[in-house]
Amino acid sequence: MAVLSGEDRAWVVPRLRVREWEAGRFVVRAGDPSTHWRGVLEGMLRVEHPHGDEDHLMFSGIPAGGWFGEGTLLKGHAFMFSVQALRKSVVASLAAADFHLLARRSIAFNRHAMGQLNERLAQFIAAREIERMVDDEQRLACSLLWLRNPVLFPSAGNVLSITQQDLSNLIGISRQRVNRALARLESRGVLRAEYRTLRVLDAQKLVDLTVEH
């Protein structure tokens, strides 16, 4: 909404549809047609790319403020990834036809969508690198940095509404390993774990961790 003019904002708001999704429900499954552009108003979604029956690449988490599906809509093909609610979430959707109309009528929105695509490519490459990391602290730091990405998640800041179980599901390691990694990061003054929340205390230390080892 921040990039839209008042006129375009007034045009798009009535066209948005909002729905609640219970934890574990799939908002999108791989193979579904590209019918909507979607954004998270509350909660957390998980994006994964299925490679086979049991092998999945965890792509990213989408916290509140993040949108997804613009690349699929622009290409007009079916979704190549699945999106699942990690916990009860509220998701807004804009129909594909309205998405394309907004992109044509708003240069600012068009540039925003292109910026999303560029950042998403970098995120996908980073996800492959995170999968290869053996150090839990480094994997956790990289994942938290992406959840704070100001381009993809403009409402994200130093306080992340995320649980240790969410992190376990996103990163693909056990909750016990997440707990140990968080404790080590806390002892280094990087962050503080609070109830269903992580507070980043030193963003530069978080960045430095991603290039260590």
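This briefing walks through the overall make-up, one sheet and one pocket of the structure above. The model is a predicted one. Its chain of 213 residues has 46% of them buried, and its secondary structure comprises eight helices and 11 strands. Of the contacts between residues at least 6 apart in sequence, 71% link residues at least 24 apart.

**The sheet and its helix**

- Let's start with an open sheet of four strands, which run in the order β1-β8-β3-β6 with antiparallel pairing.
- At the edges sit β1 (17–21) and β6 (67–68), each with a pairing partner on one side only.
- Six bridges join β3 to β8 (residues 89–95), again in the antiparallel sense.
- Within β8, valine 90 is the residue that faces glutamate 42.
- Helix α3 (residues 96–105) packs on this sheet and touches both β3 and β8. The direction of α3 makes an angle of about 70° with that of β8.

**The second largest pocket**

- If you are looking for open space, the second largest pocket holds about 370 Å³.
- Its lining is made up of 19 residues, and those closest to the centre are Met1, Ala2, Trp37, Trp67 and His112.
- Which elements each supply at least two residues of this lining? They include β3 (36–42) and α4 (107–132).
- By class, the lining has 15 nonpolar residues and four polar ones, with no charged residues.

**Where the two topics meet**

- Strand β3 belongs to both parts of the picture: β3 is in the four-stranded sheet, and β3 also contributes at least two residues to the pocket lining.

Definitions and conventions
Residues are numbered from 1 along each chain as its sequence is written. This is a predicted model: local features need pLDDT of at least 70, side-chain atom pairs count only at pLDDT 80 or more; totals for chains, interfaces and linings use all residues. Side-chain values use heavy atoms; hydrogens and water are left out. On a 1 Å grid over the protein atoms alone, a cavity is a set of points where a 1.4 Å probe fits but cannot get out, and a pocket is an open set with protein on both sides within 12 Å along at least five of seven lines; lining residues have an atom within 4 Å of a point. Grid points are joined across faces, edges and corners, and a volume is the space filled by probe spheres set on the points. Ala, Val, Leu, Ile, Met, Phe, Trp, Tyr, Cys and Pro count as nonpolar, Asp, Glu, Lys and Arg as charged, and the others, Gly among them, as polar. Two strands pair if DSSP finds at least two bridges between them. Contact means heavy atoms within 4.5 Å. Axes are lines fitted to C-alpha atoms, for helices over the stretch in contact, and angles run from 0 to 180 degrees between N-to-C directions. Buried means under 20% relative accessible area, exposed over 50%, partly exposed in between (1.4 Å probe, protein chains only).
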